[in-house]
Amino acid sequence: MLINRYQNNPILTKDDVPYPVATVHNAGVVKFNDRYIMIFRSHTLNGRSILGKAESDNGYDFKVDKEPFMIPAAEGIFKEYEEYGVEDPRIIYLGGEYLITYSAYSRHGVRVGLAKTKDFKSVERFSLITEADYRNVVIFPEKFNGLYARLDRPHSEISPWSIWISYSPDLKYWGESKLIMKPVKYHWDEMKIGPGAPPVKTARGWLSIYHGVFPTMDGCVYRLGVALHDLEDPSRIIAVGDEWVLQPEEVYEITGYVHNVVFTCGAVPEEDGTIKIYWGGADKVMCVGTANIEKLVDHCLENSRSAL
Ligand code: BMA
C-alpha cells in the first residue's frame, strides 16, 4: 500500500459544518503558521457549490469556520462567471501570498478563477485565468525562468481530456500552452485525466498527483495516480506510474453523493519525508492518508507508462 488511509477517516463531513450543506469534499490544504488550513467545497442545498474553511493543528482534526470562506461573487466580472458556484480549490504559497485556484461555474461554462490571500481571513479575487471549459488548475509553487507555471485540463470533443502546461509573467496572462500528458487507452485513466494536488518538489523531480477516470457500465471510477516532472523544465514528464496509487475502496469512497470517487485537490509534504494526501470520498466527505514521498517517486520511475 503506497497510501495509508487514516484510521479515523472521514476527517470532515457535513455534520462538522455549522451552516447547511450536503457535502464536504475536494479540498485544497496548506500549512500556514504551523497550522493546516483546508479550503473545502460543499454543495449547498440547491446543488450549487461554495467554499468553506477549516483549521487544524495536526492535519487530521479540523474545525470549520462559522461562515463560508467564498461564495459566488455578488458583483463585477466574477458575478457573471460564478453564478452556478465555486468548486475544487487548490492552494499554493508563492511570493509571500497564498494563491487559490478554483472552478467558476456559470451558464457560460466552467472557467478557472484565481484568488489571493495573505492571512486566510480576507480573500481577494485576482483574475479569471482561463476561458470556458477548463478545470483543475494547479500552479507550481516556484517560478521557472521568471515565469509562473501551471498545469490545467481543457475540455475537448476531439481528444480525450488531457493535462496541459501554460506559463505566465504575472499570473494574469497565460501562454506557451502545451499538451504534456494524455490518458492511455484501456487503462485505468483511459477516459480523462486532470491535475490533482499542486506539484511537490522532490530531489528527483516535481511529483504530481493526478486523477484518472475509467468509464464502466456502473458509471465512472475516479482514481489517483502519480507523475514526475523535470525540476527545471516542468513541461518534460520524466515518468508516469503505470498503476494507480489510490482507488475507491472504503464505504465512504464507494457510496456518497457520486459513488466510486477519490479526488484530490491538496497534499502537504512533511519534514520527515512523508506527505499527507487529502481527497474527497464519493464527493461527500474529506479523507486523508499518508505516503512516503520517495516511494511515490519510485512508483513513477519503476514501472512508467508513456506520458503521451
Ligand atoms: C469531476 C469534478 C469533481 C468531482 C468529480 C467526480 O468532473 O466535478 O469535482 O469530484 O467529477 O464527481
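## The loop after strand 1

Proline 10 is found in the loop between strand 1 and strand 2 (25-32). Here a strand is a DSSP run of E with at least two residues, a helix is a DSSP run of H or I with at least four residues, and both are numbered from the N terminus. The peptide bond joining asparagine 9 and proline 10 is cis, with an omega of about -5 degrees.

This is a predicted model, in which local features need pLDDT of at least 70 and side-chain atom pairs count only at pLDDT 80 or more, while totals for chains, interfaces and linings use all residues. Residues are numbered from 1 along each chain as its sequence is written, and side-chain values use heavy atoms, with hydrogens and water left out.

Strand 2 contains asparagine 26. Asparagine 26 is not a glycine, yet its phi is positive, at about 45 degrees.

## The chain as a whole

The protein chain has three helices and 22 strands. Its radius of gyration is 18 Å, close to the 19 Å that the globule rule gives for 308 residues, so the chain is as compact as a globular protein of that length. The radius is taken over C-alpha atoms, and the globule rule is 2.2 Å times the number of residues to the power 0.38. Along the principal axes, the C-alpha atoms fill a box of roughly 45 × 45 × 45 Å.

## The sheet that includes strand 1

Strand 1 belongs to an open sheet of four strands, in the order 1-21-20-19, with antiparallel pairing. Two strands pair if DSSP finds at least two bridges between them. Strand 1 (4-5) and strand 19 (262-269) are the edge strands, each pairing on one side only. Helix 3 (residues 293-302) packs on this sheet and touches strand 19, strand 20 and strand 21; contact means heavy atoms within 4.5 Å. The direction of helix 3 makes about 85 degrees with that of strand 21. Such angles run from 0 to 180 degrees between N-to-C directions, and the axes are lines fitted to C-alpha atoms, for helices over the stretch in contact.

Eight bridges pair strand 20 (residues 274-281) with strand 21 (residues 285-292) in the antiparallel sense. Tryptophan 279 has cysteine 287, in strand 21, as its bridge partner.

## A second open sheet

Another open sheet of four strands has the order 10-11-12-13, again with antiparallel pairing. Its edge strands, each pairing on one side only, are strand 10 (134-139) and strand 13 (175-181). On average, neighbouring strands of this sheet are turned by 25 degrees against each other, direction ignored.

Strand 10 and strand 11 (residues 148-154) run antiparallel and are joined by four bridges. Tyrosine 134 stands opposite proline 154 in strand 11.

## The ligand and its surroundings

The residues around the ligand, each with a heavy atom within 4 Å of it, include Asn26, Arg41, Lys192, Tyr222 and Phe263. Aspartate 88 has a polar side-chain atom 2.6 Å from an oxygen atom of the ligand, and aspartate 283 likewise has a polar side-chain atom 2.6 Å from a ligand oxygen. In the side chain of arginine 135, an N or O atom is 3.1 Å from an oxygen atom of the ligand.

On its own the ligand has 310 Å² of accessible area, of which the protein covers 85%. Accessible areas come from the Shrake-Rupley method with a 1.4 Å probe.

Technical notes. A polar contact is a pair of N or O atoms within 3.5 Å; within protein, one must be able to donate a hydrogen and the other to accept it, and residues adjacent in sequence count only if both atoms are side-chain atoms.
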